[in-house]
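Reader: Hey, I've just opened this one and I don't know my way around yet. Can you walk me through it?
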Amino acid sequence: MTPRRRILLVVETTDLLRHAALLEAAASRWEVLTLSPREVLSEPMEEPLDAILVATERLPEEWLERWRRGEERPLLVRLSDRASEACQASEGPWDWIIPASQPWPALETLFSAPLMDPKPEVPVRKVLLAGEATVGKTSLVTFYLHRAFDPRRRMTIGVDIHICPVEVEGVAVRLVVWDVGGQRRFAALRDLFYRGAAAGALVFDLSNRLSFYQLLNWWQELRHHTGSMPMLLVGNKADLPREVSRFEAESLARAWGTPYFETSCVTGTGIPEFFRALAMAALRGVSP
Ligand SMILES: Nc1nc2c(ncn2[C@@H]2O[C@H](COP(=O)(O)OP(=O)(O)O)[C@@H](O)[C@H]2O)c(=O)[nH]1
Ligand SMILES: [Mg+2]
């Protein structure tokens, strides 16, 4: 059974930055998915969720009502600009209404009891997955966590923050993996993405030469924002016909002084090794 500590934040893409503090604080504790109202309505959410935080008015009540049925239903929480203090809602779809500007400590109180981290002594490190869209960043995390390939195409528009427990040389580490989609174009959100990261991985698609060429841009951007943070290079989709040879990728990795991994989210090849190396790099990298 997977631990149920998943939170969905529904927020307008343009508002994401206003909730940066919330994202950062929540990220070290829970798995956080962010979706815009449009995405939420167009996608079936099958994953178990502990809570749905809604920071927009643009969600129809029917969608919310649907979640009120069922036994293990998520907590429905409205982040409101108008609320001055947290209150339990007796009518309407919400369980709680919480001020958007100061969601803490109300959120903490709501979630802490059943969801508290049972092992707070485990070191927590923020790590980044960077690389072009569709190279398989989200799939790497999904495979690592569930040992299964999910072929559904789900574009990361917002920021997905996954918690990945890893054990390296007998030491448990909790990686908080930031997987950022199209939001990279918002400069300020980019800072949020890079802030406090201990290690990162640059991912490309072995079956797509362009994604290999684009690595240079990513490398420069990461180096610019994160200085000497340890980085790894990952060639994913090793199960598909190649457009990039191992020799080329290894040459690039050597030039950059980074370890190189080849992975496949279909067969699982290389994925545990990659996460162990990422955790090791994060432990040796900067402390958050
Ligand atoms: N054949 C194959 N397909 C993959 C692999 N990893 C991801 N994909 C597919 O590539 C697409 C993009 O994957 P996704 O994880 O969303 O990429 P992201 O945008 O980098 O997060 C999806 O359709 C995945 O099913 C892989 O290792 N092999
Ligand atoms: Mg993604």
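**Strand S2 and its surroundings**

Author: Sure, let's begin with strand S2: Glu31, Leu33 and Leu35 point one way from it, Val32 and Thr34 point the other way, and all are buried. Keep in mind that this is a predicted model.

Reader: Why do the side chains of a strand go two ways?

Author: In a regular strand the side chains alternate between the two faces of the sheet.

Reader: OK, and how many of the residues of S2 are buried?

Author: Five of its five residues, so to speak of S2 as mostly covered is fair.

Reader: Which strands does S2 pair with?

Author: One is strand S1 (residues 6-10), which runs parallel to S2 and is joined to it by five bridges. In that pairing, arginine 6 has glutamate 31 as its bridge partner. Between the two strands the chain passes through helix H1 (residues 20-27), making a right-handed β-α-β crossover. Another is strand S8 (residues 159-168), which runs antiparallel to S2 with two bridges. There, valine 32 sits opposite isoleucine 161.

Reader: Switching topic: what about S10, buried or exposed?

Author: Buried. Nine of the nine residues of strand S10 (residues 197-205) are buried, so S10 is largely enclosed by the rest of the structure.

Reader: And which strands pair with S10?

Author: Strand S7 (residues 124-130) pairs with S10 in the parallel sense, over five bridges. Lysine 126 stands opposite alanine 197 there. Strand S11 (residues 231-236) pairs with S10 in the parallel sense too, over six bridges. In S11, valine 234 is the bridge partner of valine 203.

Reader: Got it. Where does the largest nonpolar core lie?

Author: Domain 1 (6-110) and domain 2 (124-284) both give residues to the core, so it lies between them. The core has 76 residues, and Leu53 and Leu278 have the most contacts inside it. Helix H10 gives the most to this core, with eight residues.

Reader: What does leucine 53 touch?

Author: Leaving out residues up to four places away in sequence, leucine 53 touches Ile7, Leu9, Val10, Val77 and Leu79.

Reader: And H10, which of its residues are buried?

Author: Those are Ile271, Phe274, Phe275, Ala277, Leu278, Ala279, Ala281 and Ala282.

Reader: How far apart are the end C-alpha atoms of H10?

Author: They are 20 Å apart. Helix H10 (residues 271-284) has 14 residues, which at 1.5 Å a residue should span 20 Å, so the two values agree.

Reader: Nice. Anything odd in the backbone?

Author: A few spots, yes. Some background helps: most residues other than glycine have a negative phi, and most peptide bonds are trans. Here, tryptophan 104 and proline 105 are joined by a cis peptide bond, with omega about 5°. Proline 105 is in the loop between strand S6 (96-99) and helix H4 (106-115).

Reader: Which residues other than glycine have a positive phi?

Author: Threonine 134 is one of them, with phi near 70°, and glutamate 169 is another, with phi near 45°.

Reader: Where are they?

Author: Threonine 134 is in the loop between S7 and helix H5 (137-146). Glutamate 169 is in the loop between S8 and strand S9 (171-180).

Reader: Why does glutamate 169 count as exposed?

Author: Because glutamate 169 has 8 C-beta neighbours inside 10 Å, and a residue is exposed if that number is 12 or fewer. Threonine 134 has 15 such neighbours, so it counts as partly exposed.

Notes. Residues are numbered from 1 along each chain as its sequence is written. Chains are lettered from A and ligands numbered from 1 in the order in which they are written. This is a predicted model: local features need pLDDT of at least 70, side-chain atom pairs count only at pLDDT 80 or more; totals for chains, interfaces and linings use all residues. A residue is buried if 20 or more other C-beta atoms lie within 10 Å of its own, exposed if 12 or fewer, and partly exposed in between; C-beta atoms are placed from the backbone. Helices (H or I, at least four residues) and strands (E, at least two) are DSSP runs, numbered from the N terminus. Two strands pair if DSSP finds at least two bridges between them. The expected span of a helix is 1.5 Å times one less than its number of residues. A crossover is right-handed if, with the strands pointing away from the viewer, the path from the first strand over the helix to the second runs clockwise. A nonpolar core is a set of buried Ala, Val, Leu, Ile, Met, Phe, Trp, Tyr and Cys residues joined through C-beta atoms within 7 Å. Domain bounds come from an automatic or database domain assignment. Two residues are in contact if their C-beta atoms, placed from the backbone, lie within 7 Å.
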